[in-house]
Amino acid sequence: MMIWHTAPEIVSSLVVGVLLLSSGNIRLRLTKKERVFQHTLIVTLCVLAYNVIVDVFVQSAPVDQLWIYTLLYTVLYLIYPMALNFLLWYLILFIGEKTPSTHKVKQKIVTAVHAGLYALYCIIVLLNLKTGWVFTVDEGGIYVREVLNTLPFILAFSQIIVVTSHFLAEKSYVDRITFYLFRWLPLVSLFILVLQLILPDIFLAGTAISTALLSIYLTFQTRKISIDDLTQLPNRGYFISSLSRAVRKKEVLSIVVISLDDFKTINDTFSVRKGDAIILALTSFLLKSFPHAQVHRYSGDEFALSFPQESGNPGEIAQQIMKRMKEPWVVDGISASLRYTSLEMTFPCSGNIEEKPLTILDYALLIAKTQHKGKHLVFNNTILEEIRARRTIISRLHESLEEESLRVVFQPIVELSKGTLVMYEALLRMNDNNLIDISPGSFIPIAEEIGIIDQLTLYVVHRVCAIQSELMRDDKEVPAIAINFSASHFSNRELIRDIQGIIARHRIPKGKLFFEVTEHTFSALPFEEIIKTMNSFLSYGVQFNLDDFGTGYSNLAHIFNLPFKFIKIDKSLLWQEPAGASSSQILKSMASLLQEMGFDIIIEGVETKEQAETLRSIEFPNAQGFYFSIPLEYEEFSRTYTGSTHFPLD
Ligand code: C2E
Ligand code: MG
Ligand code: MG
């Protein structure tokens, strides 16, 4: 009796079984390709099991009827290539997903040839029952190899060659990771098949299939995690891990990051499909122009190029990109210009800061996008310092909220002709560990970025309303107080509800509370959202001031349609050069225009008596500034809020 060694088959079954279990663990709806992969695993497992069962049966339960052996071997011959059939079918479908729809016919032909080869094989195996070309079973029940015994290998060779040729013809559509997989997979399969020819008594076909399945599974898992679907470029995760690896190995890596500015506008104007086409055009430009660099899709509208320091100059790369970006991108019948911000840096950074590369890169990118939008930023020690300062501010913000050490100070806004109080502006103060105040100009933008601004605003609203309601309780005059209101609050329904709850609870009278919003708010939010929020606050008796007017680039027609009570003209207009007649003339014209439109006006940043007098001479109504009073701590504020106080204080 012929004896095969099925140990490799048993091990292979275990491998395939584990793959089947882990691939079934996915909670996504499977695509046709993924279902075929699962079927491949199931078929392979069944085939391996059948083989082992036949082997055990033949060895342990010899029977007299020879036809039973013939039947068992014939079925084995018929089903054994099924595993490879499914595997190759899966690969054909995989290639089909990457190629254009016009290649569908080609794919169908390849599938038909693939299936046809198997059909031909089956016919020969069935004919074997009559001809005995492939194998026979002699009178003693012994399996005998005949002239066409290598038929399964011939089938396997031919099918692998068909699919590999198809892959080579379509390789330009396939990403790099898949390309590497396909490049060595046929070679390994051939190696195992040749080994099988040399060692015919050991069953290795199952090993070949399970090895192939395992490598495909692992490759596609890696691919899923590391490759961006649209561009087929390695993604942010891949980039970060390669960056961390380089830093660990002390390699010096240069990096250029390109961040497209307002790419959403391109999608909105031309459609997402055309936006994708532009992204693909940019990808191919980067790949062609910088073959020595690894290009990554860092995020939807950001690309990162990385390369060893000695293989390129980031400054030159940035120049080349800038040159190309000056030209429009003509794709799919549209022509679009891209605006972008870029960042150039080298890892590891010179300052040896303890943060991870990703943290530094993200901060640096944030600084590039917020402070150097539309420009090229070369990372340097100043930025590193900024990153450190930012880190300190973030932890201080959290501490201050926790230990309730924030303070609110009050700066009067004054009627210029009489020096009497119009309202106060509530300004937040936070100190550092040495009790020295950190400028709100530094911590407010960071609080806005990290979302802690909501808690800060709630704190100020609480404090202001509590002061006002206490004054009401004591039957004292209640001064109007303005609170700064960040852009992000407009769309935060929960925060708006909380603030309105506080106002209602304290029964703040109409006209005693103002919110100040800057012009920048209006470039970030839809007009409808702003008007909705403003109206809902107006119904709570809260009015609005437009802060820092003259510093934004917003649509004035829109702004002037909003229900502002006061417009606060930014100090830069008061301080502009040349001072004197011409600047006061501008202010005068601006004041009369705004007043004609129905707004009350305030000028900010009045520091000197001369400025105050110039403003009085042009009959400017209201002002705020150090000349009248610096922002006052609560104790001083409570001595000055009565209507009889005159500013500046004596
Ligand atoms: P802002 O709302 O325009 O507030 C006026 C700023 O100008 C205050 O700076 C005030 O101290 C300063 N100032 C007043 N008079 C003069 C003057 O004569 N000369 C000069 N050079 N400056 C003057 P501060 O308190 O440092 O606040 C800066 C900015 O931080 C504020 O500008 C506001 O945008 C923001 N901010 C302050 N407190 C808060 C807050 O509670 N919430 C929010 N969201 N932002 C706040
Ligand atoms: Mg303000
Ligand atoms: Mg202001």
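Leaving aside its neighbours within four places in sequence, with which residues is Ser629 in contact? In this predicted model, the residues concerned are Gln411, Pro412 and Phe647. Ser629 itself is found in the loop that runs between strand β18 (622-624) and helix α23 (634-640). With a relative accessibility of 6%, Ser629 counts as buried, because the limit for that class is under 20%.

The surroundings of ligand 1 are considered next. The ligand is surrounded by 23 residues, and the closest of them are Glu425, Asn484, Asp547, Glu607 and Phe626. By class, this shell is made up of ten nonpolar, five polar and eight charged residues. Polar contacts to ligand 1 come from both backbone and side-chain atoms. A polar backbone atom of Leu428 is placed 3.1 Å from a nitrogen atom of the ligand. In the side chain of Asn484, an N or O atom is 2.9 Å from an oxygen atom of ligand 1. For Glu607, a polar side-chain atom lies 2.6 Å from a nitrogen atom of ligand 1. On its own, ligand 1 has 790 Å² of accessible area, and the protein covers 83% of this area. Two or more residues of the shell are given by each of the elements β11 (420-431), α14 (440-450), α15 (453-473), β15 (542-549) and α20 (571-575). Strand β11 gives the most, with four residues.

The model also contains two magnesium ions, ligand 2 and ligand 3, which lie 3.9 Å apart and are bridged by Asp547. The protein donors of the magnesium ion written as ligand 2 are Glu425 (OE), Asn484 (OD1), Glu516 (OE) and Asp547 (OD), at distances of 2.0 to 2.3 Å. Along the chain, these donors follow the spacing E-x58-N-x31-E-x30-D. Distant parts of the chain are thereby linked: Asn484 belongs to strand β13 (residues 481-484) and Asp547 to strand β15, and the two are 63 residues apart. Asn484 has a relative accessible area of 30% and is partly exposed. Asp547, in contrast, counts as buried, at 5% relative accessibility. Asn484 and Asp547 are also among the closest residues to ligand 1, as is Glu425.

For the magnesium ion written as ligand 3, the protein donors are Asp547 (OD), Asp548 (OD) and Glu604 (OE), which lie 2.0 to 2.3 Å from the ion. Their spacing along the chain is D-D-x55-E. Here too, distant parts of the chain are linked, since Asp548 lies in strand β15 and Glu604 in the loop between β17 (600-603) and α22 (609-617), 56 residues apart. Asp548 counts as partly exposed, at 24% relative accessibility. Glu604 is placed in the buried class, because its relative accessibility of 9% is under 20%.

A further position concerns the beginning of the numbered elements. Gly17 has its place in helix α1 (residues 7-23). With a relative accessible area of 19%, Gly17 is buried, because the class requires a value under 20%. The C-alpha atom of Gly17 is separated by 7.7 Å from that of Leu41, although the two residues are 24 residues apart along the chain.

Methods. Residues numbered from 1 in each chain as written. Chains lettered and ligands numbered in written order. Predicted model: local features only at pLDDT ≥ 70, side-chain atom pairs only at ≥ 80, totals over all residues. Heavy atoms only, no water. Near = heavy atom within 4 Å. Polar contact = N/O pair within 3.5 Å; in protein donor to acceptor, adjacent residues only side chain to side chain. Areas by Shrake-Rupley, 256 points an atom, 1.4 Å probe, with all protein chains shown as cover. Nonpolar A, V, L, I, M, F, W, Y, C, P; charged D, E, K, R; others polar. Donors = N, O, S within 2.8 Å, 3.2 Å for Na, K, Ca; no water. Buried < 20%, exposed > 50% of the residue type's maximum accessible area, 1.4 Å probe, protein only. Contact = heavy atoms within 4.5 Å.
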